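Reader: I'm new to this structure and keep tripping over the vocabulary. Could you show it to me and let me ask about the terms?

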Amino acid sequence: MTGDRRGSQLLGLGHFQPERIMTNEELSLLVDTNDEWITSRTGIRTRHIASETDTVTSMAIEAGRMALADAGVAATDVDLVIVTSVTSHDRSPSSAGRVAVGLGMAGPGIFDLSAACPGFEYALGVADMAIRAGSATTALVIGSEKLSEFTDYTDRSTCILTADGAGAFVLGATDRPTVGPTVWGSVPHLLDGVRIDGAPGEPRYFAQEGRSVFRWAITEAAGHAERAVTAAGLTLADIEILVSHQANLRIIEPLAEALHLTDKIVITDIVESGNTSAASVPLGLSKAWHRGDIPADAPALLFGFGGGFAYAGLVVHTPARA
Ligand code: ACO
């Protein structure tokens with residue numbers, strides 16, 4: 001990831017989580033479950049749940065505001081905004097358009113991207129390509145989800161997993177790129193493995209074939225994640241941080257083992273934040289960054305997978321300054 005080709009670098013990170021924290025004990029009052037089952041099968045102890053006034057867009061704006069402040073970039077300097085979400089109600093105007101106006105931007109390119117759980121890695125790849133192609137110089141990329149609106153709180157197999165929140169990155173043009181390239185793909189036989197069910201006009205709920213997805217993640221994900229490292233011109237020994245989609249601690253830990261990264265920093269935000277789909281990777285990394293838990297200019301392997309059934313991975317260096 002060196003040389004004189006124009007590309008992008010990560011300048012700043014931000015996140016937002018709703019105030020309300022829901023515990024496993026609270027869920028055990030709604031469905032037939034218990035703290036021991038949830039923590040031993042998923043690692044999740046708590047999750048944040050949005051209020052009525054927290055929307056995909058409002059959470060995206062707060063995460064974006066924090067990322068711009070972290071980057072030291074003025075909103076008026078942003079010339080591309082991409083919001084990725086599988087739970088947004090905004091069709092037109094897009095959530096990206098609402099974020100641009102909400103943050104006082106000066107007419108950047110705006111669009112939403114839907115690729116469910118790996119949506120953030122897809123959106124980062126597209127923003128990086130726009131910068132490489134000369135179509136943008138400063139991009140704000142946000143994953144924001146209000147999964148609680150698409151959760152059936154009578155279904156114990158899914159309501160224990162889902163949560164709300166947002167995460168954001170600011171990318172800027174550089175002649176010393178430290179983002180990507182993005183490796184992406186899909187798994188045809190798992191097309192309906194993770195989905196939002198429901199006909200138009202009916203309640204729509206998140207549903208999945210948990211065991212099939214789990215099997216794929218344990219056996220196939222590491223190979224695709226390693227391809228992203230190779231595409232960046234690096235080896236696994238160079239990676240300092242692993243940020244996998246926060247779907248299950250029992251997936252994150254074997255993935256770290258398969259990639260020989262257990263002695264590196266492995267983000268396990270799922271324990272306190274649950275599964276926030278497209279927000280989970282930037283949310284987990286931003287929280288660790290702002291806590292001061294991760295170094296500057298460190299290669300982080302990002303890998304997302306889920307609905308579609310799609311996956312995507314890329315290497316991104318943390319911002320060059322602390
Ligand atoms: N509490 C108690 N028991 C439960 C619960 C619960 N909350 N949920 C299910 N059970 C029961 C089941 O009914 C079943 O009982 P049975 O054996 O009597 O039939 C038993 O527990 C085992 O159920 P499984 O579904 O096989 O449980 P599993 O160990 O596979 O865990 C889980 C389920 C956590 C969903 C796991 O399969 C998983 O993580 N899969 C991958 C999910 C994923 O990565 N999705 C991609 C992303 S989707 C997104 O990000 C939005």
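Reader: How many residue pairs are in polar contact across the interface of domain 1 and domain 2?

Author: The rule finds 19 residue pairs, both residues at pLDDT 80 or more. A polar contact is a pair of N or O atoms within 3.5 Å; within protein, one must be able to donate a hydrogen and the other to accept it, and residues adjacent in sequence count only if both atoms are side-chain atoms. A caution up front: this is a predicted model, where local features need pLDDT of at least 70, side-chain atom pairs count only at pLDDT 80 or more, and totals for chains, interfaces and linings use all residues. Residues are numbered from 1 along each chain as its sequence is written, and side-chain values use heavy atoms, with hydrogens and water left out.

Reader: What makes domain 1 and domain 2 the two domains here?

Author: The domain assignment gives domain 1 as 7–174 and domain 2 as 183–317; such bounds come from an automatic or database assignment. Their C-alpha centres lie 15 Å apart. The contact (heavy atoms within 4.5 Å) takes 48 residues from domain 1 and 42 from domain 2.

Reader: How many salt bridges are there between domain 1 and domain 2?

Author: Zero. A salt bridge needs a side-chain nitrogen of Lys or Arg within 4 Å of a carboxyl oxygen of Asp or Glu, so no pair between the two domains passes that test.

Reader: What area do the two domains bury between them?

Author: About 3600 Å², with 68% of it on carbon and sulfur atoms. Buried area is the accessible area (1.4 Å probe) that two parts lose on being put together, summed over both. On the domain 1 side, Cys 117, Glu 121 and Tyr 122 supply 18% of the area buried against domain 2, more than any other three residues.

Reader: Which element gives the largest share of the side of domain 1 that touches domain 2?

Author: Helix 5, with seven residues. Helices (H or I, at least four residues) and strands (E, at least two) are DSSP runs, numbered from the N terminus. The elements giving two or more residues to that side include helix 5 (119–132), strand 6 (138–146) and strand 7 (164–174). That side divides into 22 nonpolar, 17 polar and nine charged residues. Here Ala, Val, Leu, Ile, Met, Phe, Trp, Tyr, Cys and Pro count as nonpolar, Asp, Glu, Lys and Arg as charged, and the others, Gly among them, as polar.

Reader: How do you know that the peptide bond from Ser 92 to Pro 93 is cis?

Author: Its omega is near 0°. Pro 93 sits in the loop between strand 4 (80–84) and helix 4 (95–102). Another cis peptide bond joins Gly 180 and Pro 181, with omega about 0°; Pro 181 is in the loop between strand 7 and strand 8 (183–186).
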